Amino acid sequence: MIPSALVILTTASLCIAQPTAPADSPMNAAQEVMPAIVDRANAAYLSEDERADFAIEHGLWNDDHLSDPGRLARAALIAGAYEHPALMSQDAQPLDRAISALMRGQPEDGLRLLDEPIADSQLARLTIRARCMTMLGRTGDAIEELEGLESILESSTINNATELGYGVRGLMHLYSIRAMQADAGTVYKQLNTLIAHGRDTIDQLNPEIRMVEAELLYEHHNAQAARDAAIEVLKRNPKHALAFSLLGRIAVDQFDLDQADRIANQLDTIAGSIAGAQSPSILSAQIRARAALRHRDPIGAEHAIDPVLARVPNQRDLLALEAAASAGAFRESSTERLLAAYNELSPDQPDALMLVGTTLAEARQYEQGEEMLHRAIALAPHWGTPRLELGLMLIQSGDDTGAKKTLERAIKLDPFNLRAQNSLTLVRELMGFETIETEHFVLRFQSGIDRVLAEEMPPTLEEIYRRVTGGLPGGTDHEPGTKTRIEIMPNHEFFSVRITGMPSIHTMAASTGPIIAMESPRDTNGSFAGSYDWARVFQHEFTHSANLSRTRNRIIHWMTEANAVYNEDAPRSSRTWSMLTSAFTANRLFDLEEINEAFVRPKREGDRSLAYAQGAWMYEFIIERFGPDAPLKIMDASTAGRTPTEAFVESLGVSPDEFYQDFLVWGEAQLIELSLVFEEGSAHLPLSELLPDAPSNPSRIPAETINTLLIDHPEHPQLLRVKFAQLLSTGKARLDGSTIESIQRFIRISPTDEVPHRLLARHYLASDDADTRGAALEHLIFLDDREVHSSAYADQIALLAAQRSDLNTARRYAQLAVRRSPFNPHYREQGARIAILTGDYELAARHIEALIKLEPDQPIHAQRLEALNALRSMPTD
């Protein structure tokens, strides 16, 4: 029997305090330690020392275990408390002390501690010594050390999973600083074979070999498999700081910044569980800084690392992040100074240069980013990652030839890198795309059905160019120095890889500055967007391109999005007005700091959509209050290096707080005018006061209740809004005269609502009388002006207008229907018929030629084209 004092714990008592996390959070894995580990910890055959060592190895320690100085040091190392006094004590194992010295940025101490061989840890010793040497710029010595490790692995049998894991780490390091002696694919398989042996044969419960597996997978950009492996580590050791750190890196890479923040907090909690640990920890500071850089918040990155750098001023990862933050803030001389200081500590090492280069690339500072990445490659010609990052950046900047060459070299060094494989496949496909060139654009598309769309785009593109680059309100008053490249991606997966290098992104178009990628507007499998108004979407994205060109990619984030939405030149939908009204009445509109946060790190569902809507609303306010040139002045101030606050004060003469308060007053007046809120002292009481016990969803209020209230409040906008929404939901088509009159009055009271227009359009279209049906036109036009995806309204407008001999309107909306759904045969046929009616035989022929390509098995299209050509050849007099 085991003495009760020696029973460590059960699965119910494993975890330290955990913050609330989503169901799929890796934090939950730390609460699911494998039952086999608990069973082993409580096994009767273990001695007291063996049980205590096992508890440390698997993160199950208690205060009794930590009373031993050596075990306390090992626990601090596992928990990421690298500055803990125990790790600087003579009582700690030399290897543990050396690793912590390395993590603090003290490689000289690490080497000194490992001067002497360590029994049973020779691979770990060689690996850490090589890391220390590399950090000191002694790459040749590191190679010599690791070649010794390589020989040991080739000639010896390793029966300890942790030691074997260090051997794999050493080989990974060796192959990043020295040319491989074998094919890279063979080497990768060999590394996996070693890991599999340690993981599956030597010790299935060992967390360290799985940590090495996670590191190898992450190095090769297999994020999902790396995440899974790291979670397996936590199931074997719930306090494994390196596993949490890797998961934090993955969260940052995937822009899951909330998850990254939770992981950073957990890292501090784990380190803090060792009495005497410093906070924030080294690892948590790195995650927070990386997240801030992804958030385009270089100041936040500096705030994250500054307190830790004050304690460990030579910690290399933090110093690299400090240089990257400086680069992200566009402080060029400061960045070079920080890089030079890094190089003094770690001569000719590429890590800081690579991080600076990727930060600049993400900030769309392509020229400077390319220079930094080339410098990193020159220092580390055998490391594939800088070449991959350069290749990805060249894709974004439009240099496909350079990207192909760079990615091919990266894959030669790392053939199992998923992101490199995806991106190289894309580049090769892109180089086979067809091209149409206009005065200001280069349009690229895959041969086949997308040519139908591509051939129709140039006139519209040039019209959009004049609008966006011109001097009208919202215009950028700037022409990019080179032609913008437009790439029509045949499906969503293709589009996603084009934008991110991985097949998962949730939008239909995106601008990198010189390139605009758009998913083809098809209603087919593999399409994310389906049909959509490509011209409106392109006008939004080209506004980004023009702004990025004018500001050299240095612009307040919310303003570029606001300008792009404003420049769509479309009225706000009822949904948008409702969202703005709800946010206003609930005091949830964003100030100028919060709105940037809402775009990249929304706190509530719907925050990002609200940020787009409010941004455009504030842009409208700026133009109306301060003049059409005011937004451009703010952008130019940002380009010159002003902070957002300085830019607003300098350009508008008001502080951000004053601007926001003035905006609220202006916005409220607009909402009152549109009957979306009531002014103080209004005769109308809000619906919430008329019906204090009403359900939160007004549509659930009984119709009888609404009708009763309307007897005393016949013009109450909120009551009428509910009444007409309920009427619409009944599906009833024909309306009586008094209802029609009431709807028409409501349209005058509340001109933004779509429901009354839908009711009247449905009523008039249900008539058999042509003139009555024609009355639906104005309502259909109102609805179509707010439509992005469907062609149904435009198609109906074209038909009604043609029946009324309004051929100009018919032609316009028939073309709009085709623009949103360019591969739909019905809209093509409608467009051809109306074009013939207007005498535009060239347009009609284009539609019929498109039909031949869309439906090659329908001979009627060729027959129609033949008849049309005969008609075109007839004398015109």
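This passage describes strand 2 with its neighbouring strands, and then helix 31, in a predicted model. Residues are numbered from 1 along each chain as its sequence is written, and side-chain values use heavy atoms, with hydrogens and water left out. Because the model is predicted, local features need pLDDT of at least 70 and side-chain atom pairs count only at pLDDT 80 or more, whereas totals for chains, interfaces and linings use all residues.

Helices (H or I, at least four residues) and strands (E, at least two) are DSSP runs numbered from the N terminus, and two strands are taken to pair if DSSP finds at least two bridges between them. Strand 1 (residues 434-437) runs antiparallel to strand 2 and is joined to it by four bridges, with T435 having R444 of strand 2 as its bridge partner; the connection between these strands is a hairpin of three residues. Strand 2 also runs parallel to strand 3 (residues 484-489), to which five bridges join it, and there the bridge partner of F441 is T484.

Strand 2 (residues 441-445) is largely enclosed by the rest of the structure, because five of its five residues are buried (under 20% relative accessible area, with over 50% counted as exposed and values in between as partly exposed; 1.4 Å probe, protein chains only). In a regular strand the side chains alternate between the two faces of the sheet. Here F441, L443 and F445 point one way, while V442 and R444 point the other way.

Helix 31 (residues 607-626) reaches 27 Å from its first C-alpha to its last, close to the 28 Å expected for its 20 residues at 1.5 Å a residue, the expected span being 1.5 Å times one less than the number of residues. This helix is mostly covered, with 14 of its 20 residues buried, and just after it G627 takes a positive phi of about 105°.
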